[in-house]
Amino acid sequence: MYDIIIIGAGPAGLTAALYARRANKKVLVLEAKSYGGQIINASNVENYPGIPNISGFDLATNMYNQVKELDTEIKFETALHIDEDKKVTTNKGTYQAKAIILATGAENRKLNIPKEEEFVGKGVSYCATCDGNFFKNKVVAVVGGGNTALEDAIYLSNIAKKVYLIHRRDNFRGESRYLSDIKKKDNIEIILNSNITKLNGEDKIESIEVTDKDNNTKEISISGLFIAVGQSPKNEIFANLIKINDYGYIESEDGVHTNIEGIYVAGDTRVKTLRQLTTAVSDGSIAATTAIKELRRDE
Amino acid sequence: MSVKKIEEKDFKEVINNKEKKVLVDCYADWCGPCRMLSPIIDELASEIDSCEFYKLNVDDAEEVSREYGIMSIPTVLIFKDGKEVAKSIGLKTKEELKEIIEK
């Protein structure tokens with residue numbers, strides 16, 4: 001029997017584990033993929049107080065090692081089901097706890113159009129800074145309207161021959177300073193009020209079909225499509241039990257308790273205003289200390 | 001067996017292996033998911049004898065990247081008799097990769 005099972009080994013989950021182990025709780029961390037969550041994709045993290053510059057990989061690895069050194073049990077298994085009695089079923093076993101912390105994070109939102117998945121790594125990318133260099137002097141497109149899309153377009157304009165920036169609305173949500181930078185670039189072409197409706201190509205992406213609000217379509221030849229339409233959580237497996245909103249995020253009135261007693265939430269996966277490393281580790285510490293306090297009360 | 005680092009000029013010779021399958025982990029130093037994958041490749045190399053394991057830094061291998069259509073890293077290429085038989089893109093678990101190698 002574990003005191004606390006933490007689902008997810010990103011910054012929120014690892015911080016929760018750190019606090020829980022330092023309080024001598026018996027902890028199990030479950031992670032479906034690799035530790036670190038989204039931060040491992042960041043080549044430089046420069047907004048974590050006290051550390052002026054570190055790669056996301058190094059920061060995540062430090063967090064992981066810090067937790068491992070406290071003899072924390074971490075299993076790389078996929079959680080498939082949780083129940084009200086705090087029993088967690090994974091692809092490999094079943095584990096019982098007194099409390100559960102859900103720290104499942106978020107992943108890149110998809111366009112959800114045919115061939116998108118098939119073309120990942122074959123021209124479709126969710127990370128311009130990771131994959132941009134493979135598109136030197138090629139024609140690429142960025143889709144999205146927030147800061148990430150605008151930053152990606154600027155970054156890629158320095159590598160690619162031409163960048164189409166496609167957004168479904170008539171203005172961008174991202175900051176105006178990015179927009180003024182974009183307007184100075186003569187190799188970025190903005191296409192507004194338009195959606196990408198089709199991806200074409202045999203074994204890699206060759207062109208996209210773009211449809212505007214009046215239903216006019218046109219085909220644009222590209223070698224790369226960078227999708228920057230935000231994040232989405234993966235909480236379907238908890239939906240039988242845990243209240244989630246229309247976008248899949250876990251609802252919590254106070255930012256730590258879910259609708260089920262003894263099940264807590266932390267990090268990007270909950271409804272919140274700012275999804276950052278700093279707020280994730282904050283959530284993790286609050287979830288763990290709250291769980292510990294309430295376990296003590298029940299004993 | 002351990003994982004050997006190769007350069008672009010060694011690539012063709014290395015993949016032309018008549019006895020064993022060959023796995024090439026295409027990576028870059030600045031790529032977080034690649035650094036995540038690296039210890040997994042090391043473990044697989046020590047466990048699987050039917051395959052040789054190599055690492056290639058794509059920043060110094062533009063030709064190979066172009067020829068094998070590498071557009072995202074980490075990309076793991078698997079060869080048999082010099083022919084590409086499998087390609088795995090992105091960070092994978094040890095089990096997933098093992099399955100791809102042994103297929």
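Two strands pair if DSSP finds at least two bridges between them, and strands (E, at least two residues) and helices (H or I, at least four) are DSSP runs, numbered from the N terminus. This is a predicted model, in which local features need pLDDT of at least 70, side-chain atom pairs count only at pLDDT 80 or more, and totals for chains, interfaces and linings use all residues. Residues are numbered from 1 along each chain as its sequence is written, chains are lettered from A in the order in which they are written, and side-chain values use heavy atoms, with hydrogens and water left out.

Q: Which residue in S6(A) stands opposite Ile5(A)?
A: Strand S1 (residues 2-7) of chain A pairs with strand S6 (residues 94-102) of chain A in the parallel sense, over five bridges. Within S6(A), the residue opposite Ile5(A) is Ile100(A).

Q: What is the bridge partner of Ile100(A) in S17(A)?
A: S6(A) also pairs in the parallel sense with strand S17 (residues 263-265) of chain A, over three bridges. In S17(A), the partner of Ile100(A) is Ile263(A).

Q: Which helix gives the most to the largest nonpolar core?
A: A nonpolar core is a set of buried Ala, Val, Leu, Ile, Met, Phe, Trp, Tyr and Cys residues joined through side-chain atoms within 4.5 Å, where buried means under 20% relative accessible area (1.4 Å probe, protein chains only). Of the 55 residues in the largest such core, Ile4(A), Ile101(A) and Phe53(B) touch the most other members. The helix giving the most to this core, with eight residues, is H6 (residues 277-298) of chain A.

Conventions: Buried means under 20% relative accessible area, exposed over 50%, partly exposed in between (1.4 Å probe, protein chains only).
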